[in-house]
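Keep the sequence and the 3D view open side by side. The paragraphs below walk through them step by step.

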Amino acid sequence: MKRLLAGGLAGAVSTGVRAVAKAKPLPSWDRKSYSGSTVSLTGGLQAGAGALVGACIGAQNGGTRAGSIANVSGAVAGYIDDHLEDSFPARGKGFRGHLGALKNGQVTSGLLKIGVIGLGSLVSAAVLAQQRGTHRCVNTVVDSLLIASTANLVNLLDLRPGRALKVTAAGALPVALSSSAQAHSAAGIVGSSLAALPADLRGETMLGDLGANAVGAQLGVVLAGSLPLPARLVALTTTIGLTAASEKISFSQVIDENPVLSWIDNLGR
């Protein structure tokens, strides 16, 4: 019952936030999409707020506290990169670009974002490790890396309409249907992602860094809190591997060249 409530409330809140954003347009949240059309980053507010509601339901549980912390820190970090980039002395693209700027003595908004997400992931992982009670150091290290890398990966996928939201919904759905303590938080991700998906598919909104990092970090907590250590290590290796690959190859090109992935990616657009 609680997971249904989490998913339903997350979807309702997500839809409500979108309605408010449309009623009171936020011009500074408009961006150019890959196709040159104008999209609104309010889709990130929509999905992030809805997922947070799911994470807060039953918040006496350590796992739900961890999800809330990860979501909020991801949102703060994403806001910095979405809206304050011009306030920094340099810009960078990818980890290599941000670290290159740091080598030259310059800080980018992306570098600060990495730091905020890293700190939020560490705190979230520590809360999860406290709940487990054993092997706290190992669990904290693995979980913090998994949470941060998942947040970053979802952000990397937010390049075409609906892509990132399909991944977050699909990634959270098995946990939402399970008996895991993370089920209600996962249901919140599914509900908010599905509520935000139609506008995203139409090219009206996108997650932006705020939404992608918020929902992605919460998804990382869901995975970290529901998977055994071997499975978490596999998930961590996968997310880090895909992030490293993104420095060399285009995800969009790989997806477009694969018939199955291309069909899934274009579904609903």
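Is Tyr79 buried, partly exposed or exposed? The model is a predicted one. In it, Tyr79 has a relative accessibility of 36%, so Tyr79 counts as partly exposed. The cut-offs explain the call: buried means under 20%, exposed means over 50%, and partly exposed lies in between.

Tyr79 has an aromatic partner. The structure holds one aromatic pair. Its members are Trp29 and Tyr79, and the pair is tilted. The ring centres lie 6.3 Å apart, with 55° between the planes. Trp29 sits in the loop between helix H1 (2-23) and strand E1 (30-32), while Tyr79 belongs to helix H3 (residues 62-83). The two are 50 residues apart, and the pair links distant parts of the chain. Burial separates the partners. Trp29 has 10% relative accessibility and therefore counts as buried, whereas Tyr79, at 36%, is partly exposed.

Now step back to the whole chain. It has 12 helices and two strands. From the N terminus, the order is α-β-β-α-α-α-α-α-α-α-α-α-α-α. The chain has 269 residues, and buried residues make up 48% of them. Take the contacts between residues at least 6 apart in sequence: 75% of these join residues at least 24 apart.

Next, follow helix H2, residues 42-56. H2 has 15 residues and reaches 21 Å from its first C-alpha to its last. That is close to the 21 Å expected at 1.5 Å a residue. The buried residues of H2 are Thr42, Gly43, Gly44, Gln46, Ala47, Gly48, Gly50, Ala51, Gly54 and Ala55. An α-helix has 3.6 residues a turn, so residues three or four places apart point the same way.

Two alanines of H2 are worth a closer look. Start with Ala47, which lies in H2. Its relative accessible area is 0%, so Ala47 is buried. Beyond its neighbours within four places in sequence, Ala47 is in contact with Ser14, Leu165, Ser192, Ala196, Leu207 and Val215. Val190 is 143 residues away from Ala47 along the chain, yet their C-alpha atoms are separated by 9.7 Å.

Then move along H2 to Ala55. Ala55 also has a relative accessible area of 0% and is therefore buried. Leaving out residues up to four places away in sequence, Ala55 touches Thr64, Gly67, Ser68, Ser185 and Gln218. Take Ser68 from that list. Ala55 and Ser68 are 13 residues apart in sequence, but 5.5 Å apart in space from C-alpha to C-alpha.

Helix H8 covers residues 183-201, and Ala187 is in it. Ala187 has 8% relative accessibility, so Ala187 counts as buried. Here the sequence gap is 176 residues: that is the separation between Ala187 and Gly11. In space, their C-alpha atoms are 9.6 Å apart.

How many of the 19 residues of H9 are buried? The count is 17, so H9 is largely enclosed by the rest of the structure. Its span fits expectation too. At 1.5 Å a residue, the 19 residues should span 27 Å, and the end C-alpha atoms of H9 are indeed 27 Å apart.

Helix H10 holds Arg232. Is this arginine buried or exposed? Arg232 has a relative accessible area of 3%. Buried means under 20%, so Arg232 falls in that class. Not counting residues up to four places away in sequence, Arg232 touches Arg132, Asn139, Val142, Asp143, Leu146, Leu223, Ala224 and Leu227.

Finally, turn to the second largest pocket. About 600 Å³ of space lies in it. Its lining has 22 residues, and the closest to the pocket centre are Leu153, Leu157, Val167, Leu242 and Ile255. Six helices give two or more residues to this lining: H6 (136-157), H7 (163-176), H9 (208-226), H10 (229-246), H11 (251-257) and H12 (259-266). H7 gives the most, with five residues. By class, the lining has 15 nonpolar, four polar and three charged residues. H9 and H10, visited above, both appear among the contributing helices.

Terms used:
Residues are numbered from 1 along each chain as its sequence is written. This is a predicted model: local features need pLDDT of at least 70, side-chain atom pairs count only at pLDDT 80 or more; totals for chains, interfaces and linings use all residues. Side-chain values use heavy atoms; hydrogens and water are left out. On a 1 Å grid over the protein atoms alone, a cavity is a set of points where a 1.4 Å probe fits but cannot get out, and a pocket is an open set with protein on both sides within 12 Å along at least five of seven lines; lining residues have an atom within 4 Å of a point. Grid points are joined across faces, edges and corners, and a volume is the space filled by probe spheres set on the points. Helices (H or I, at least four residues) and strands (E, at least two) are DSSP runs, numbered from the N terminus. Ala, Val, Leu, Ile, Met, Phe, Trp, Tyr, Cys and Pro count as nonpolar, Asp, Glu, Lys and Arg as charged, and the others, Gly among them, as polar. Buried means under 20% relative accessible area, exposed over 50%, partly exposed in between (1.4 Å probe, protein chains only). Contact means heavy atoms within 4.5 Å. The expected span of a helix is 1.5 Å times one less than its number of residues. Rings of Phe, Tyr and Trp (its six-membered ring) pair if their centres lie within 6.5 Å; planes under 30 degrees apart count as stacked, over 60 as edge-to-face and the rest as tilted.
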